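Work through the exercises below with the sequence and the model at hand. Try each task before reading its solution.

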Amino acid sequence: MYACQFFQHAEKSIPNLREEIAGGNFMNLRTWLRENIHSKGSLYPSADELCEAVTGKKLDPTIYLDYLRAKYRKLYKIAA
């Protein structure tokens, strides 16, 4: 769930992130992760606090559920 929320936030910060990843370019994502996650992870006593500091909101399970719905609708050709 954290990964989905972090990725959603990274997408807001990095234009064309999905296209970069599809093209095999992970440089901007890796830089974003280093600056926003890896370098700050030990500064917070819990993942919940890190999540709120990075994304500006508490862990939100609806972000993960939305990701799963979209993924499986596409995979199994289910209408929304």
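Three exercises on this predicted model follow.

**Exercise 1.** State which residues make up the largest nonpolar core and which elements give two or more residues to this core.

Solution.
- The largest nonpolar core has 10 residues: Phe6, Ala10, Ile14, Leu17, Leu29, Trp32, Ile37, Leu50, Cys51 and Val54.
- Two or more of these come from each of helix H1 (2-13), helix H3 (27-38) and helix H4 (47-55).
- Within the core, take Ile37: leaving out residues up to four places away in sequence, Ile37 touches Phe6, Trp32, Leu50 and Val54.

**Exercise 2.** Compare the span of H1 with the expected value, then find the buried residues of H1 and what covers them.

Solution.
- From first C-alpha to last, the 12 residues of H1 reach 17 Å, close to the 16 Å expected at 1.5 Å a residue.
- The buried residues in H1 are Cys4, Gln5, Phe6 and Ala10.
- Their cover includes helix H2 (17-22), H3, H4 and helix H5 (61-75).

**Exercise 3.** Describe the aromatic pair of Tyr2 and Phe6, and say whether each residue is buried or partly exposed.

Solution.
- The structure holds 3 aromatic pairs.
- One of them, Tyr2 and Phe6, is stacked, at 6.3 Å centre to centre with 25° between the planes.
- Both residues lie in helix H1, 4 residues apart, about one turn of the helix.
- Residues three or four places apart in an α-helix point the same way, because there are 3.6 residues a turn.
- Phe6 has 11% relative accessibility, under the 20% limit, and therefore counts as buried.
- Tyr2, at 27%, is partly exposed.

Note on methods: Residues are numbered from 1 along each chain as its sequence is written. This is a predicted model: local features need pLDDT of at least 70, side-chain atom pairs count only at pLDDT 80 or more; totals for chains, interfaces and linings use all residues. Side-chain values use heavy atoms; hydrogens and water are left out. A nonpolar core is a set of buried Ala, Val, Leu, Ile, Met, Phe, Trp, Tyr and Cys residues joined through side-chain atoms within 4.5 Å. Buried means under 20% relative accessible area, exposed over 50%, partly exposed in between (1.4 Å probe, protein chains only). Contact means heavy atoms within 4.5 Å. The expected span of a helix is 1.5 Å times one less than its number of residues. Rings of Phe, Tyr and Trp (its six-membered ring) pair if their centres lie within 6.5 Å; planes under 30 degrees apart count as stacked, over 60 as edge-to-face and the rest as tilted.
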